[in-house]
Amino acid sequence: MHYLTLNNGVKMPILGFGTYQIPPEETKQTVLDAIDVGYRLIDTAQSYLNEKEVGEAIAECGIPREELFITTKVWIENYAYDKCRASVLESMEKLGLDYIDLVLLHQPFSDYYGAYRALEDLYEEGLIRAIGVSNFYQDRLTDICLFGRKIIPAVNQVETNPFHAQYLAQANMEKNGVQMSAWAPFGGGMQGMFANETLVKIGEKNNKTPAQVILRWLIERSVVVLCKSTNKERMAENIDVFDFALDEEDMLEIMSLDKSESMFFDHTDPEMVEWFDEVVEVKKS
């Protein structure tokens, strides 16, 4: 496994395993399988409702705690200082950990300033090794880097794939000293990504699958990337990307696929903000 160094000196695996939409009853075994094939970065979130099962896998995997890198994310309804602090302590309890490697604010809405101050204090208390944000667009990331913090976010986790490559966002993160992390590197398989002629051709050239090409493309860009599968053979295939490299022509061809728009949702769309508010209210009721 290769590692990147965050802005506070903490080393983070460049390739990790995501647990989004893995049902709780399947999570423990799936995470055990992922760790068994070599993943050391495991990403979960309060809103995934599977932190407890991720923790059970961590406890049973047989890998020393210091060799694992565990990320979770604070959901919107737990924003503001007191609620965020309490929710992180609850996440630690569910995970069965006495520290979490990385905690992110999941969405750029509501009182994320108060929530971020709670993360800063938990970091200074040694309960979190690194803090950051997720889905923060360039303006909001720059805002919190300049005005809202004592500690610059270590990571910003955003949708990144060949059809939504986020080159400008990455340049802004690098300017601010923030590590880019990619969710949905395969775009959920939408828009024929796995059958894309360019990705298939580059895969054949390197004796790799289109999925492996995508992961390698992100690694070449020094982006921490999260991938997910409940199939152990596919997990092993996804992590088998450290024995080849893409050349400049490959990288330029993949760059040409960028449509510069989300395949899922636009956080700057007022209707999408309203949808997130509705999700929070439904969960409360």
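Biologist: Why is Ser222 called partly exposed?

Modeller: Its relative accessibility in this predicted model is 37%. Buried would need under 20% and exposed over 50%, so Ser222 at 37% lands in the band in between and counts as partly exposed.

Biologist: Where is Ser222, and what is phi there?

Modeller: Ser222 sits in the loop between α8 and β10 (224–227). Phi of Ser222 is near 60 degrees, a positive value in a residue other than glycine.

Biologist: And Ala184: what makes its phi worth flagging?

Modeller: The sign, plus the residue type: phi is about 55 degrees, hence positive, although Ala184 is not a glycine. Ala184 belongs to the loop between β9 (179–183) and α7.

Biologist: How do you know whether Ala184 is buried or exposed?

Modeller: Its relative accessible area is 18%. The cut-off for buried is under 20%, so Ala184 counts as buried.

Biologist: Okay, zoom out. What makes the protein as compact as a globular protein of its length?

Modeller: Start with the make-up: eleven helices and ten strands. The radius of gyration is 18 Å, and the globule rule gives 19 Å for 285 residues; those values are close, so the protein is as compact as a globular protein of that length. Its C-alpha atoms fill a box of roughly 55 × 45 × 40 Å along the principal axes.

Biologist: How many of the residues count as buried, and what share of the contacts is between residues 24 or more positions apart?

Modeller: Buried residues make up 55% of the 285. Counting contacts with a separation of 6 or more, 76% are between residues 24 or more positions apart. As for the surface, about 12600 Å² is exposed, with carbon and sulfur atoms supplying 50% of it.

Biologist: What about charge?

Modeller: There are 26 positive and 47 negative side chains, and the centres of the two sets lie 3 Å apart. Side chains of opposite charge can pair when their charged atoms come close. This structure holds 17 salt bridges.

Biologist: Why is the Asp43 and Lys73 pair called a salt bridge?

Modeller: The N to O distance is 2.5 Å. The limit is 4 Å between the Lys nitrogen and the carboxyl oxygen, so Asp43 and Lys73 qualify. Asp43 is in strand β4 (residues 41–43) and Lys73 in strand β5 (residues 69–74), 30 residues apart, so the pair links distant parts of the chain. Both Asp43 and Lys73 are buried.

Biologist: What makes Lys208 and Asp240 a salt bridge?

Modeller: With N to O at 3.4 Å, and a limit of 4 Å, Lys208 and Asp240 make the cut. This pair also links distant parts of the chain: Lys208 is in the loop between α7 (197–206) and α8 (210–220), and Asp240 in the loop between α9 (232–239) and α10 (248–255), 32 residues apart.

Biologist: How do you know which burial class each partner falls in?

Modeller: Lys208 has a relative accessible area of 13%, which is under 20%, so Lys208 is buried. Asp240 comes in at 36%, between 20% and 50%, so Asp240 is partly exposed.

Biologist: Why are Glu237 and Arg234 said to be separated by about one helical turn?

Modeller: Because Glu237 and Arg234 are three residues apart in helix α9. The closest N and O atoms are 3.7 Å apart, within the 4 Å limit, so Glu237 and Arg234 form a salt bridge. Glu237 at 27% and Arg234 at 44% both count as partly exposed.

Biologist: Which residues are linked in a network of salt bridges?

Modeller: Arg65, Asp101 and Arg129.

Biologist: What makes Ile202 buried?

Modeller: Ile202, in helix α7, has a relative accessible area of 1%, and under 20% is what buried takes, so Ile202 passes. Leaving aside neighbours within four places in sequence, Ile202 is in contact with Val213, Leu246, Asp250, Glu253 and Ile254.

Biologist: How do you know that Ala154 is buried, and what does Ala154 contact?

Modeller: Ala154 has a relative accessible area of 3%, again set against under 20%, so Ala154 is buried. Ala154 is in the loop between α5 (138–146) and β8 (155–159). Beyond four places in sequence, its contacts include Leu6, Asn7, Ile131 and Val178.

Methods
Residues are numbered from 1 along each chain as its sequence is written. This is a predicted model: local features need pLDDT of at least 70, side-chain atom pairs count only at pLDDT 80 or more; totals for chains, interfaces and linings use all residues. Side-chain values use heavy atoms; hydrogens and water are left out. Helices (H or I, at least four residues) and strands (E, at least two) are DSSP runs, numbered from the N terminus. The radius of gyration is taken over C-alpha atoms; the globule rule is 2.2 Å times the number of residues to the power 0.38. Buried means under 20% relative accessible area, exposed over 50%, partly exposed in between (1.4 Å probe, protein chains only). Contact means heavy atoms within 4.5 Å. Accessible areas come from the Shrake-Rupley method with a 1.4 Å probe; for residues, only the protein chains shown count as cover. Lys and Arg count as positive and Asp and Glu as negative; His and the chain ends are not counted. The place of a charge is taken as NZ of Lys, CZ of Arg, CG of Asp or CD of Glu. A salt bridge is a side-chain nitrogen of Lys or Arg within 4 Å of a carboxyl oxygen of Asp or Glu.
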